[in-house]
Amino acid sequence: MDEYRGRSYYGLSREVEELLTIEEEDRRSEQQYLARKRRREKERRRIARLRKRRRALLVRMAGVMFLFIAFIVLVNRLFFSNPVLKEVTVEAGTEDLAAEDFLKKNNVEIEFVTDMSEIDLDHVGEHEIILKAKGKERTSILIVQDTVSPKAVAVSGPVTVAVDGKADAALVVESVDDATDVKYTFKEEPDLSSEGTVPVTAVVTDEGGNTAEVEGELNVIVDTEAPVISGVAPLTSFLGDPISYKSEITVTDNCDKDIEVEVDNSNVDTETAGTYNVIYTASDQSGNTAQQETTLTIKEKPENYVEPEEVYALADEVLAGITTDDMTLKEKARAIYDWTRNNVGYINTSEKDSWTNGAYQGFTEGEGDCFVFFATAKALLTRAEIPNIDIVKSDTSHSSHYWSLVDVGDGWYHFDTTPRYGGGEFFLMTDDEILAYSEAHDNSHIFDRSLYPATPTTDSTIE
């Protein structure tokens, strides 16, 4: 109380009032603080609620966006995506390639736009293939590869070559089984400088770079033997028609296997009817030369001339019914012989101005004389790719006659489809056999042997 002594009541009251004022201000400050605190808490809760709602909204939006994207992807896959593979790889020799092989999945309709018959699957390479799938044209790359090594078989004995000549590695190989083309090389180049036997290794390489090796021998000799020209026979053509001088010509040699025959037709005037000499010449690496001569007769076309294409079309129809791709030449020749014998009847008349006219008569009328039988068979043999040569009987004092020589793989043999009163079958006969028959039947098949290639002395060995 001492501190208040001496103070007046008025002074004391004022001090109390100031204290009360300070206390009131403190109270108001505290209330304001609490109020601000409540407002801040309220604002915090409001912001928290907003953030929560925003997160929920973002989650919902993300879900919607995900569903939308998934929908777009699904639609694209179903309707707009490319179902075709960018690349398809097959092994060379594939035969059953289908449009479905180019699909990523098998539940899509697809077809080739590219003409696959023009795509060679027997050679290594790449091809752009166009296909139609889901209503649109799509492109894929077809890769043809060869990963399988060739299977090669060596020849059974030595291969003869000339001293200082050129040896071909292919001659050492009897056969090769591979889907693609192959090339032949020697593992080491052989020494051909002197006579003797030289061992060699031939390497067969296919388009894929796969290899096979075969062992063989070269018999190196001094070559003095000339080539042999076969198939030289009289030729006939019409004014304005192309002339095939080499279609039936073959050349064989004891050393060289690929000899080109040269034709001297310098005396032939293709614009003038007449008979002209034609000379064939063949030379081997050692300079040995063979030469044969024949005649070319050029005639005017008859007024009713039938073009070869028309006859060949008829021949193709017949061949489609009597031959198959897997038949040998001999089997095809047999089928042609039998068909002509059984489907052409003999009457002693025909037009002999053109073999195509005779063949046309045989195909369309089914009857004719020996010229029609010969010509009909000639058309069939030619379209079957069987080498054939026309033979004309040389002594026509009693009768004329026409037949063929054919080569089914082991030399020229006589082939005559005309039935004869004396009977007999003339399918792949030797010179001796047909001349023996001719002698016994009024010279039915007498011919100038110097004009035609000689047949083997034994029957055909082709199965």
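In the predicted model, Ile336 is in contact, once neighbours within four places in sequence are set aside, with Leu319, Ile322, Ala377, Leu380, Leu381, Ala384, Ile386 and Phe415. Ile336 also belongs to the largest nonpolar core, a set of 42 residues in which Ile336, Trp355, Phe363, Leu380, Ile386 and Phe415 have the most contacts. To this core helix H5, spanning residues 370-383, gives the most, with eight residues. A second core, separate from the largest one and made up of 17 residues, includes Ala99, Val108, Ile110 and Ile129.

The cysteines were examined next. A search of the whole structure finds zero disulfides. Cys255 has a relative accessible area of 3% and is therefore classed as buried, and Cys370, at a relative accessible area of 7%, is likewise buried, the cut-off for this class being under 20%.

Cavities were also sought over the whole structure, and one of 30 Å³ or more is found. The largest cavity holds about 40 Å³ of space, and its lining consists of Val161, Ala162, Gly165, Lys166, Cys255, Asp256 and Gln285. Cys255 thus appears both as a buried residue and as one of the residues that line the largest cavity.

For residues 247-293, an unreviewed UniProt entry lists a domain under the name "Pesticidal crystal protein Cry22Aa Ig-like". Over residues 247-293 the chain of the model is 45% strand and 0% helix, and the C-alpha atoms at the two ends are 16 Å apart.

Definitions and conventions. Residues numbered from 1 in each chain as written. Predicted model: local features only at pLDDT ≥ 70, side-chain atom pairs only at ≥ 80, totals over all residues. Heavy atoms only, no water. Core = buried A, V, L, I, M, F, W, Y, C linked by side-chain atoms within 4.5 Å. Buried < 20%, exposed > 50% of the residue type's maximum accessible area, 1.4 Å probe, protein only. Helix = DSSP H or I, 4+ residues; strand = E, 2+ residues; numbered from the N terminus. Contact = heavy atoms within 4.5 Å. Disulfide = S-S within 2.5 Å. UniProt positions renumbered as here; feature names shortened; annotations may be inferred. 1 Å grid on protein atoms, 1.4 Å probe; cavity = no way out; pocket = protein on both sides within 12 Å on 5 of 7 lines; lining within 4 Å. Points joined across faces, edges and corners; volume = space filled by probe spheres on them.
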